[in-house]
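Here are my notes for someone opening this entry for the first time. Keep the viewer open and turn to each spot as it comes up.

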Amino acid sequence: MKHLLISVVVTLASFGAVSAADFPTSHNPRSDIWIDYSDLDFVLSSAVLDMGPSTHQRAGPAKRDSMTNMYNGSTTASRFEGNRVAFHLFKKGQKAVVRAIRDDLLTLPEKLDLSELSRGHQLAYFLNLHNSIVLVKMAEEYPVTRLEGFFDRENAKSFIVSEKFRWGDQQITLADIQDHVLSNWRDPLVIYGFYLGAVGTPDIREEAFNGDNIYEQLQGNARSFVNSVRGTQIWGGSKLHVANYYQRMAVKFPNFETDVLRHIKQYARPQFASRLVAVNTIDARIDDWNIADLYNGKLHTAGGTYHRTVVDVDGAIVSQPDFPIHVQYTLKARENNFKRFDGRVEIEELDEGEVQSSEDQPDSKEQDGSSDPVIQ
């Protein structure tokens with residue numbers, strides 16, 4: 001892989017410099033400049049594991065390993081959802097590659113006036129920059145299990161607001177990138193472009209965002225999130241629990257309950273949409289800040305044995321007996337997600353009197369619903 005990520009294809013003779021004061025807010029609708037993200041595409045296609053479409057069914061109680069009486073995986077109802085990054089395979093060389101990709105994106109304004117890009121290509125750039133910064137941070141911190149602290153804007157020492165990156169002639173934070181996108185693109189779809197590394201946040205895709213089809217990519221992420229347990233759950237027939245992520249992005253939903261419900265109806269699959277008719281209350285209380293990897297950030301057994309990932313000749317991850325039980329369950333659930341989904345998934349409706357999931361009660365050890373997938 002070549003070191004340089006960015007190939008800017010230009011038919012213009014020359015271009016100016018980006019203002020050092022702010023991110024650009026103007027654009028060129030006739031622009032014929034585009035950015036080649038092939039190196040980022042390669043990294044994502046190699047590192048991201050698609051978990052398949054959610055069945056919108058909450059995972060049941062987690063089962064311990066009968067041999068060790070241990071279970072190191074997440075116990076949340078959404079633990080089998082969301083694309084995963086194989087951080088456990090990132091060695092020194094792989095980390096250097098993703099760091100170089102991030103740095104190339106950060107130095108782009110020294111080479112290109114971003115206001116000469118079209119709106120779609122500007123958006124793709126800022127989302128790819130944001131996500132490469134997060135990808136590098138997760139790779140550097142791994143193994144880690146809970147990620148909420150990295151993205152706590154109320155904590156001045158958290159990664160999202162405290163870590164500075166040189167961008168052109170200025171220092172920026174991850175929060176600056178998010179705020180720029182949220183302020184300058186009207187469509188709420190943009191919220192599904194931010195990768196935060198956790199199961200309960202939008203997916204990282206197997207390819208980079210591309211200015212030519214970015215809204216189709218964002219729509220795919222929206223449908224995946226809206227039609228999942230990590231995004232939405234109906235309780236008692238009339239109450240809709242939604243991900244706390246929507247509250248974090250509340251600037252896009254000024255009349256929060258009304259706007260969020262309208263937005264969710266827009267991307268809900270037909271059967272789910274029919275159940276939303278009876279909803280009269282929305283509560284943003286679903287949280288799953290477990291890292292979206294295979295191991296839940298726990299690579300070792302009590303004896304310190306490292307669990308290897310085995311890949312077959314076609315590049316598929318194979319479940320082996322030496323995998324810890326929670327990884328085996330995750331891989332089996334992935335297989336089941338692809339097998340069971342046919343567009344006619346039953347949406348599990350929950351009664352308020354039932355035991356709530358661990359998103360709602362963090363100390364809960366078990367949840368209702370089906371048990372972990374059977375491993376054969």
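1. Start with helix α5, residues 174–184, where the buried residues are L174, A175, I177, Q178, H180, V181 and L182. What sits over them? The cover includes α3, α4 and β6 (170–172). Bear in mind as you look around that this is a predicted model.

2. Now zoom out for a moment. The protein has 10 helices and 12 strands. It runs to 376 residues, and 53% of them are buried. If you take the contacts with a separation of 6 or more, 76% come from residues 24 or more positions apart. Several of the points below give you examples of such pairings to look up.

3. Helix α6 is a good one to rotate slowly. It covers residues 214–226, 13 residues in total, and its first and last C-alpha atoms are 18 Å apart, close to the 18 Å expected at 1.5 Å a residue. Its buried residues are I214, Q217, L218, N221, A222, F225 and V226. They lie on the same side of α6, because the arc they cover around the axis is only 160°.

4. And what does that buried set of α6 pack against? The list is α3 (119–141), β7 (232–235), β8 (239–243), α7 (244–248), α8 (256–267) and α9 (270–276).

5. Helix α8 can be read in a similar way. Its 12 residues should span 16 Å at 1.5 Å a residue, and the end C-alpha atoms are 17 Å apart, so the two values agree. Buried here are F256, D259, V260, L261, H263, I264 and Y267. Among the elements covering them are α6, β7, β8, α7, α9 and β9. So you meet α6 again, this time from the α8 side, because α6 is part of that cover (a contact here means heavy atoms within 4.5 Å).

6. Just past α6, have a look at S228, which is in the loop between α6 and β7. Is S228 buried or exposed? It counts as buried, because its relative accessibility is 0%, and the cut-off for buried is under 20%. Leaving aside residues up to four places away in sequence, S228 touches S54, H56 and E81.

7. H56, one of those partners of S228, deserves its own stop. It sits in the loop between β3 (48–49) and β4 (84–85). Its phi is positive, about 60°, although H56 is not a glycine. H56 is also buried, at 4% relative accessibility.

8. N296 is another residue with a positive phi, about 55°, that is not a glycine. Look for it in the loop between β9 (281–286) and β10 (310–311). N296 has a relative accessible area of 7%, so it is buried.

9. While you're checking the backbone, stop at Y142 and P143. The peptide bond joining them is cis, with omega about 5°. P143 belongs to the loop between α3 and α4 (159–162).

10. Next, the second largest pocket. How much space lies in it? About 300 Å³. Its lining consists of 19 residues, and those nearest the centre are D50, G52, N83, D203 and S224. Sorted by class, the lining has nine charged, eight polar and two nonpolar residues.

11. Two pairs are worth tracing along the chain. L331 is in helix α10, residues 325–340, and is buried at 10% relative accessibility. L331 and M51 are 280 residues apart in sequence, yet their C-alpha atoms are 8.3 Å apart in space.

12. The other pair is A100 and S132. A100 is in helix α2, residues 92–106, and its relative accessible area of 9% makes it buried. Along the chain A100 and S132 are 32 residues apart, and 9.7 Å separates their C-alpha atoms.

Note on methods. Residues numbered from 1 in each chain as written. Predicted model: local features only at pLDDT ≥ 70, side-chain atom pairs only at ≥ 80, totals over all residues. Heavy atoms only, no water. Helix = DSSP H or I, 4+ residues; strand = E, 2+ residues; numbered from the N terminus. Expected span 1.5 Å × (residues − 1). Buried < 20%, exposed > 50% of the residue type's maximum accessible area, 1.4 Å probe, protein only. Arc of directions from axis to C-beta. 1 Å grid on protein atoms, 1.4 Å probe; cavity = no way out; pocket = protein on both sides within 12 Å on 5 of 7 lines; lining within 4 Å. Points joined across faces, edges and corners; volume = space filled by probe spheres on them. Nonpolar A, V, L, I, M, F, W, Y, C, P; charged D, E, K, R; others polar.
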